[in-house]
Amino acid sequence: MLLLALDTATPAVTVALHDGDKVVAEARQIDARRHGELLLPSVDRVLREAGHKLDAVTDIVVGVGPGPYTGLRVGIVTAATFGAALGVPVRGLCSLDGIAYAAGQAGLEGEFVVATDARRKEVYWARYADARTRVTEPSVDRPADLTEKLAGLTVVGAGAVLYPDAFTDVRADMPEHQSAGALASLAAERLRTGGEFLPDQPLYLRRPDAQVPANYKVVTPK
């Protein structure tokens, strides 16, 4: 196995290679405005560091969000394009699951919540029984609306750090953004155990910021 993992659902542009036993190369840059510019060079970098060419990849996993529309689609379209060109399967994973898995790798145990920045003063979030087990569907809400619902729970991720007053126990020492290495490790584990994956389709949870004006009129040439 040579699994290529990538994710652009958060400000992190992150790529990793996993050989079925361990992560053999990983790249990550935090820049919410340059996903399209940074992703392909990151793929080239991890392939070069691992001593492989793209045609050696046997599996692809991509974080499918939730995340902002523009950044999220960069990773998913790239993964789908690679999959079609190489003739290999492309599997999706919830991006919050990757952050949860990374928190588990960092030593977090028990029940907790992952929250990422959804912009518009909102967070994407999901609740976990442990680092491998999500118990709610991903949602988007204002932090203040979650204070009572999530009272007493540890919360990790950039959304928790950004709105610390809304949550009881913010763990700023845990991963804030996605790690493709963690995503790849989670995917390799699920492949070994027959675990479930998502389609390689985006989890937007809300409509994109760009909208056609309500009174827009199409003008056709005569």
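**Val15 and the core**

I started at Val15 in this predicted model. Setting aside residues within four places in sequence, I found Val15 in contact with Leu4, Ala5 and Leu6. The list goes on with Ala25, Glu26 and Ala27, then Leu39, Ser42, Val43 and Val46, and ends at Ala180.

I then looked up the largest nonpolar core, which has 24 residues. Val15 is among those with the most contacts inside this core, together with Leu4, Leu6, Leu17, Val57, Ile60 and Val62. I noted which elements give two or more residues to the core: strands E1 (3-7), E2 (12-18), E3 (23-30) and E4 (59-63), and helices H1 (35-50) and H2 (69-86). Which element has the largest share of this core? It is H1, with 5 residues. As background, nonpolar side chains in soluble globular proteins tend to be buried together.

**The Gly65-Pro66 bond**

I checked the peptide bond from Gly65 to Pro66 and found it cis, with omega near 10°. Pro66 sits in the loop between E4 and H2.

**Helix H3**

I went on to helix H3, residues 95-105. How many of its 11 residues are buried? I read 9, and I logged the helix as mostly covered. The buried residues are Ser95, Leu96, Asp97, Gly98, Ile99, Ala100, Tyr101, Ala102 and Ala103. After H3 comes Gly107, with a positive phi near 110°.

**Strand E6: Val114 and Thr116**

I took two residues of strand E6 next. Val114 lies in this strand, and so does Thr116, the strand covering residues 112-119.

Is Val114 buried or exposed? Its relative accessibility is 0%, so I entered Val114 as buried. Not counting residues up to four places away in sequence, Val114 touches Leu96, Ile99 and Ala100, which are among the buried residues of H3. Val114 also touches Tyr124, Trp125, Ala126, Tyr128 and Val156. I also looked up the pair Val114 and Phe167: they are 53 residues apart in sequence, and their C-alpha atoms are 11 Å apart in space.

Thr116 has a relative accessible area of 5%, under the 20% cut-off, and therefore counts as buried. Leaving out neighbours within four places in sequence, I found Thr116 in contact with Leu96 and Ile99. Its other contacts are Glu122, Val123, Tyr124 and Gly159. Leu96, Ile99 and Tyr124 thus appear in the entry for Thr116 and in the one for Val114.

**Arg119 and Arg120**

I checked phi for two arginines. Arg119 is found in strand E6 and has a positive phi of about 65°, although it is not a glycine. Arg120 lies in the loop between E6 and E7; its phi is also positive, near 55°.

I then asked how Arg119 is classed at 39% relative accessibility. That value falls between the 20% and 50% cut-offs, so Arg119 is partly exposed. Arg120 has a relative accessible area of 42% and is likewise partly exposed.

**The second largest pocket**

I followed Arg119 to the second largest pocket, where it is one of the residues nearest the centre. The others named there are Thr10, Pro11, Pro68 and Asp117. The lining comprises 15 residues, and the space in the pocket is about 150 Å³. As a reminder on the approach, a probe the size of a water molecule, rolled over the atoms, shows where empty space is left.

Which element gives the most to this lining? I found E6, with 3 residues. By class, the lining divides into 7 nonpolar, 6 polar and 2 charged residues.

**Ala129**

I looked up Ala129 in strand E7, residues 122-130. At 36% relative accessibility, Ala129 counts as partly exposed. Apart from neighbours within four places in sequence, its contacts are Gly110, Glu111 and Val135. I also took the distance from Ala129 to Thr147: they are 18 residues apart along the chain, and their C-alpha atoms are separated by 19 Å.

**Record check**

Last, I consulted UniProt. The unreviewed entry lists residues 31-147 as "domain: Gcp-like". In the model I found this span to be 38% helix and 26% strand. The C-alpha atoms at its ends, residues 31 and 147, lie 29 Å apart.

Conventions. Residues numbered from 1 in each chain as written. Predicted model: local features only at pLDDT ≥ 70, side-chain atom pairs only at ≥ 80, totals over all residues. Heavy atoms only, no water. Helix = DSSP H or I, 4+ residues; strand = E, 2+ residues; numbered from the N terminus. Buried < 20%, exposed > 50% of the residue type's maximum accessible area, 1.4 Å probe, protein only. Contact = heavy atoms within 4.5 Å. UniProt positions renumbered as here; feature names shortened; annotations may be inferred. 1 Å grid on protein atoms, 1.4 Å probe; cavity = no way out; pocket = protein on both sides within 12 Å on 5 of 7 lines; lining within 4 Å. Points joined across faces, edges and corners; volume = space filled by probe spheres on them. Nonpolar A, V, L, I, M, F, W, Y, C, P; charged D, E, K, R; others polar. Core = buried A, V, L, I, M, F, W, Y, C linked by side-chain atoms within 4.5 Å.
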